[in-house]
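Q: I am new to protein models and would like some help reading one. Could we go through it step by step?

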Amino acid sequence: MGCGAWPSRYRRARPGRGSDSTVVKHAPDRGIEVLSLYVFSRENWTRTEAEVNGLFSLVDSAVRQHTDELIGEGVSVQVIGRLHEAPSDVQRSIREAEERTRGGARMRLNIAFNYSGRSEIIDAVRALVAAGVPAIEIDEPALAAQLYTAGQPDPDLIIRTGGEHRTSNFLLWQGAYAELVVSDRLWPDFTPADLDAALEEYAGRHRRFGG
């Protein structure tokens with residue numbers, strides 16, 4: 001199954017609590033093939049310069065710190081978003097992680113960085129136009145093939161942390177029929193047990209896909 005998750009509020013994780021790495025390690029053991037984490041949205045640029053720099057620093061240090069662990073866990077990393085707009089040092093860290101983890105076969109980890117669901121759809125349309133695809137030939141499969149997640153399954157489950165009840169511009173196209181589970185936990189405190197609880201709630205849902 002695919003699973004998307006994203007933080008709703010920014011603050012530094014505290015030692016001894018949940019973290020990206022513990023959840024990422026646990027996810028493939030629960031049969032999750034694709035996990036997408038919303039790390040930095042394009043809307044985050046409206047925050048203060050100090051907060052934006054803090055987010056970049058967290059991302060850069062987390063990628064450097066956990067790449068070897070991801071390799072050991074068989075997790076491959078892919079960034080989705082407009083990485084080219086990020087600071088060059090962050091770009092290098094993420095691209096290096098992508099390259100070094102490329103052989104991971106247990107789970108795909110999407111890092112949604114400088115990401116926006118609307119921007120993703122715009123970029124997909126621009127790619128189709130640039131390729132000269134006639135308007136009559138633009139359908140759902142054609143557009144999906146140009147998304148950042150092209151070739152990946154759509155998420156079955158989206159977990160919203162922090163108790164918020166909105167999609168916040170996350171995987172707008174891919175998540176059209178995903179089940180939504182809201183957790184009151186802030187992301188830094190989100191644990192494998194919280195993931196298990198979300199999966200258990202998902203398992204009790206009856207998915208109709210509009211039928």
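A: Happily! This is a predicted model. Let us begin with its surface: the chain exposes about 10,900 Å², and carbon and sulfur atoms supply 50% of that area.

Q: How many helices and strands does the chain have?

A: There are 6 helices and 6 strands. Following the sequence, you meet them in the pattern β-α-β-α-β-α-β-α-α-β-β-α. The chain is as compact as a globular protein of its length, because its radius of gyration of 17 Å is close to the 17 Å that the globule rule gives for 211 residues.

Q: What share of the 211 residues is buried?

A: Buried residues make up 45% of them. Here is the general idea: in soluble globular proteins, nonpolar side chains tend to be buried together. In this chain, the largest nonpolar core has 34 residues. Val-24, Leu-35, Ile-94, Leu-109, Phe-113 and Leu-195 have the most contacts inside that core.

Q: Which element gives the most to this core?

A: That is α2, with 6 residues. Other elements that give two or more residues include β2 (34-41), β4 (107-115) and α6 (192-203).

Q: Which residues does Ile-94 touch, leaving out those up to four places away in sequence?

A: Ile-94 touches Val-59, Val-63, Val-79, Leu-83 and Phe-113. Apart from the largest core lies another one, of 9 residues, with Ala-112, Phe-170, Leu-171 and Ala-178 among them.

Q: And where do the charges lie on average, positive against negative?

A: The chain has 25 positive and 30 negative charges, and their mean positions are 4 Å apart.

Terms used:
Residues are numbered from 1 along each chain as its sequence is written. This is a predicted model: local features need pLDDT of at least 70, side-chain atom pairs count only at pLDDT 80 or more; totals for chains, interfaces and linings use all residues. Side-chain values use heavy atoms; hydrogens and water are left out. Helices (H or I, at least four residues) and strands (E, at least two) are DSSP runs, numbered from the N terminus. The radius of gyration is taken over C-alpha atoms; the globule rule is 2.2 Å times the number of residues to the power 0.38. Buried means under 20% relative accessible area, exposed over 50%, partly exposed in between (1.4 Å probe, protein chains only). Accessible areas come from the Shrake-Rupley method with a 1.4 Å probe; for residues, only the protein chains shown count as cover. Lys and Arg count as positive and Asp and Glu as negative; His and the chain ends are not counted. The place of a charge is taken as NZ of Lys, CZ of Arg, CG of Asp or CD of Glu. A nonpolar core is a set of buried Ala, Val, Leu, Ile, Met, Phe, Trp, Tyr and Cys residues joined through side-chain atoms within 4.5 Å. Contact means heavy atoms within 4.5 Å.
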